[in-house]
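Q: I'd like a close look at the charged side chains in this model, please. Take me through them one by one, with their surroundings.

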Amino acid sequence: MHAWLCEDPIGVDALNWKQLPTPTPKAGEVLIEIKAASLNFPDILIVQNKYQIKPPLPFVPGAEYAGTVTALGEGVKHLQIGQSVACLSGTGGFGTHTLAPAALCMPLPPGFPMVDAAAFIMIYATSYHALVDRAQLRAGETVLVLGAAGGVGTSAIQIAKAMGARVIAAASSAEKCALCTSLGADTTINYNTENLRDRLKELTGGKGPDVIYDPVGGDITEQAFRSIAWRGRYLVVGFASGPIPALPFNLALLKGASIVGVFWGEFAKREPQANTAMMKELAQWYGQGKIKPAIDRTMPMSELKAAYAHMGSRQVMGKLVLVNDAT
């Protein structure tokens with residue numbers, strides 16, 4: 001097998017494409033021949049030693065991938081050799097093969113393309129957990145999605161619309177706003193050319209959004225929170241802009257608003273049965289055409305460093321996926 005190996009987490013330039021022994025799965029594991037792997041924001045942080053999870057060296061980055069099971073470890077009963085699966089295991093995806101915990105593998109129904117499968121779990125699980133479980137979103141409510149043209153942002157638009165909400169999508173360019181509209185957003189705000197607070201006041205008749213989905217953080221957080229509706233729920237999803245914002249707590253008091261943390265990975269560990277049920281529903285929604293990953297582009301696995309550079313430019317709209325062979 002071959003894989004991009006991180007032996008010194010000082011950045012993308014330290015990754016090397018190496019030939020490695022193909023491993024044998026231990027009890028509870030499967031060997032997966034990787035067909036496609038998506039590039040996510042944590043994949044940038046982990047090779048810079050800036051992510052909260054610090055795998056032992058050396059490691060192969062690539063949190064999320066899809067492929068075919070080629071070998072089973074002892075005790076694995078729910079998967080079969082030759083079965084197509086998607087997996088989000090945190091590492092291992094940027095190569096031709098990887099070992100994965102069988103419990104983390106999502107069996108794919110027939111007709112589920114590998115590129116979509118590799119771009120599916122992280123964004124839709126995060127957004128479903130955020131909007132359905134944490135925000136308790138109701139039909140007819142208004143959702144503001146920040147960073148709406150990114151991976152999780154595009155999934156939040158689709159899930160909110162599937163639940164009957166009105167969606168205001170905020171993004172940083174006209175092209176990104178157009179993508180959000182194509183995914184079902186009712187209206188958009190270009191926060192590089194429009195004043196976010198003024199526009200939200202105009203679009204909501206002064207009421208403000210009931211739910212704010214924020215994977216961006218930074219300076220935009222306080223602007224958005226000041227516009228939230230009475231009893232609004234502010235979803236803290238991530239900090240793609242870099243800085244972690246500090247909010248004056250009196251704002252939450254004045255609006256009767258909730259600041260709600262969203263940590264899907266921990267939810268999956270602590271509430272595995274609820275997570276399994278959620279993933280089954282998401283797979284059904286995909287089959288019904290309610291949700292489908294927005295793919296920015298696919299690139300050969302050999303061009304991983306160029307893919308990192310493209311993501312670092314903040315020009316990615318939706319998900320960027322690396323593919324092996326002719327997937």
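A: **Charged side chains and their surroundings**

Lysine 35 is partly exposed, with 23% of relative accessible area; buried means under 20%, exposed over 50% and partly exposed in between (1.4 Å probe, protein chains only). Residues are numbered from 1 along each chain as its sequence is written, and side-chain values use heavy atoms, without hydrogens or water. The model is predicted: local features need pLDDT of at least 70, side-chain atom pairs 80 or more, while totals for chains, interfaces and linings use all residues.

The partner of lysine 35 is glutamate 33, and in their salt bridge the closest N and O atoms are 3.4 Å apart. The term covers a side-chain nitrogen of Lys or Arg within 4 Å of a carboxyl oxygen of Asp or Glu. Glutamate 33 is likewise partly exposed, at 27% relative accessible area. The pair is one of 13 salt bridges in the structure, and two others are worth a visit.

Let's go next to arginine 233 and glutamate 141, whose salt bridge has its closest N and O atoms 2.7 Å apart. Arginine 233 belongs to strand E12 (residues 233-236), while glutamate 141 sits in the loop between helix H3 (121-134) and strand E8 (142-145), so this pair ties together parts that lie 92 residues apart in sequence. Helices (H or I, at least four residues) and strands (E, at least two) are DSSP runs, numbered from the N terminus. Here both partners, arginine 233 and glutamate 141, are buried. They also have company: Arg138 joins Glu141 and Arg233 in a network of salt bridges.

Another pair to see is aspartate 186 with lysine 161, where the side chains meet in a salt bridge at 2.9 Å, N to O. Aspartate 186 lies in the loop between helix H5 (174-182) and strand E10 (187-190), and lysine 161 is in helix H4 (residues 151-162), so the pair ties together parts 25 residues apart in sequence. Aspartate 186 counts as partly exposed, at 43% relative accessibility. Lysine 161 has a relative accessibility of 30% and counts as partly exposed.

Helix H5 also brings us to a charged residue with no such partner. Lysine 176 has its place in that helix. This lysine is buried yet has no salt bridge, and glutamate 175, the nearest side chain of opposite charge, is 8.1 Å away. In that statement Lys and Arg count as positive and Asp and Glu as negative, with His and the chain ends not counted. What lysine 176 does have is a polar contact of 3.3 Å between its side chain and that of serine 172. A polar contact is a pair of N or O atoms within 3.5 Å; within protein, one must be able to donate a hydrogen and the other to accept it, and residues adjacent in sequence count only if both atoms are side-chain atoms. Leaving out residues up to four places away in sequence, lysine 176 touches Ala149, Ala171, Arg314, Val316 and Met317, a contact being heavy atoms within 4.5 Å.

Histidine 78 makes a good last stop among the side chains. You will find histidine 78 in the loop between strand E4 (64-72) and strand E5 (84-88), partly exposed at 45% relative accessibility. The side chain of histidine 78 reaches the backbone oxygen of alanine 102 at 3.2 Å. Beyond residues up to four places away in sequence, histidine 78 touches Gln83, Ala102, Ala103 and Cys105. Glutamate 29 is 49 residues from histidine 78 along the chain, and their C-alpha atoms are separated by 11 Å.

Now back to H3, the helix before the loop of glutamate 141. Eleven of the 14 residues of H3 are buried, so this helix is largely enclosed by the rest of the structure. Among the buried ones are Tyr124, Ser127, His129 and Leu131. Leucine 131 has many neighbours beyond four places in sequence, including Leu137, Val143, Ile159, Tyr213 and Leu235. After H3 comes glutamine 136, which has a positive phi, near 50°.

Finally, let's step back to the whole chain. The secondary structure comes to eleven helices and 15 strands. Along the principal axes, the C-alpha atoms of the chain fill a box of roughly 60 × 40 × 35 Å. Of its 327 residues, 54% are buried. Among contacts between residues at least 6 apart in sequence, 68% join residues at least 24 apart.
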